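Me: Please take a close look at one part of this model, and tell me beforehand where its coordinates call for caution.

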Amino acid sequence: MSDLLEQAGQIKTEQGMSQEAIKLVSNRLWIRQLDPRVRVVSVAAFAITAVQLTSMSILACALLFAVILMTQARLPFWSTAKRVAMMDGFIAFLLVMLPFTTPGETMFTLWGFAASYEGLNQAVVILLKANAIVMVTMSLVGTLEAVTLGHALARLKVPEALVHLLLFTVRYIEVLHAEYHRLRTAMKCRGFVPTNSWHTYQSVGYLVGMLLIRSFERSERIMKAMKCRGFQGQFHLLDTMAFTRRDALFFSFACLVMISMLMIEVLNGPVA
């Protein structure tokens, strides 16, 4: 028995060391060494630029730029593909309905409803925009730790209330998740089995209500504890963010790409 426990401990230790090694190698990538403020501003600028584009060829270039950033960030392929697919599934209904709700030249007729080429064009444009923005966001901001993102937003003079909300959510979301599991375990110990019945709906409502009440009580205790430690509504940031030459080169290149796409869009018009 002791040998099995020792082997399990060795396996767990090796897995932890391998994960730390992967994290260390990932953090050495140039794209992950960029200033978090530069990454946040670049994502915001790219999103604004992509929304303004209507040409499929230029949007395809924007998507290619996003794919290049993803390869440089070395995101896990399957998990990244699943996240992008989830986003595509969220807007799938809109993409399917657009050809039938947008007037224009008829492409085909289904059950008496005409689908137009103009609607299909709009659907493809929306799909390209959404995927390009999501991929760039995952490459630049998605590789940031939540606390680092909060500090970057604070350095960019984002309202303190929003920064505090983000930081507290990151800190206590796992606490609320553990509280939910304790309540669920208590329900199971009392023989609760979810079914399609009024009792189940009522029990789930009680579960949500108790979770909200306990969350509110915990937040009051946390606030009192923070006030006892001198909290006055402001976090003192101790990070050392510095704008380096690498940041200047990347931001200049990103701005050049975005301005070029906008200029081509304006000069040539919405050409598919």
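**Confidence, then one helix pair**

Reply: In this predicted model, residues 1-5 keep a pLDDT (the predictor's confidence in each residue, from 0 to 100) under 50, and they have zero contacts (heavy atoms within 4.5 Å) beyond four places in sequence. Residues 11-26 are also below 50, with two contacts beyond near neighbours in sequence. Where pLDDT is low, the predicted coordinates should not be read in detail. The chain as a whole averages 78, and 84% of its residues score at least 70.

Residues are numbered from 1 along each chain as its sequence is written. Local features need pLDDT of at least 70 and side-chain atom pairs 80 or more, while totals for chains, interfaces and linings use all residues, and side-chain values use heavy atoms, without hydrogens or water.

The part to examine is the pair of helices (DSSP runs of H or I, at least four residues, numbered from the N terminus) H8, residues 160-189, and H9, residues 198-228, whose axes come within 10 Å and cross at roughly 140 degrees. The two are therefore oblique to each other, that is, neither under 35, nor over 145, nor from 65 to 115 degrees. On the H8 side the contact includes Phe168, Tyr172, Leu176, Tyr180, Leu183 and Met187, and on the H9 side Leu207, Met210, Leu211, Ile222 and Met226 are among the residues involved. Charged residues take part as well, including Glu179, Arg182 and Arg184 of H8 and Arg214 and Arg218 of H9. The residues of this contact divide into twelve nonpolar, two polar and five charged.

Terms used:
Axes are lines fitted to C-alpha atoms, for helices over the stretch in contact, and angles run from 0 to 180 degrees between N-to-C directions.
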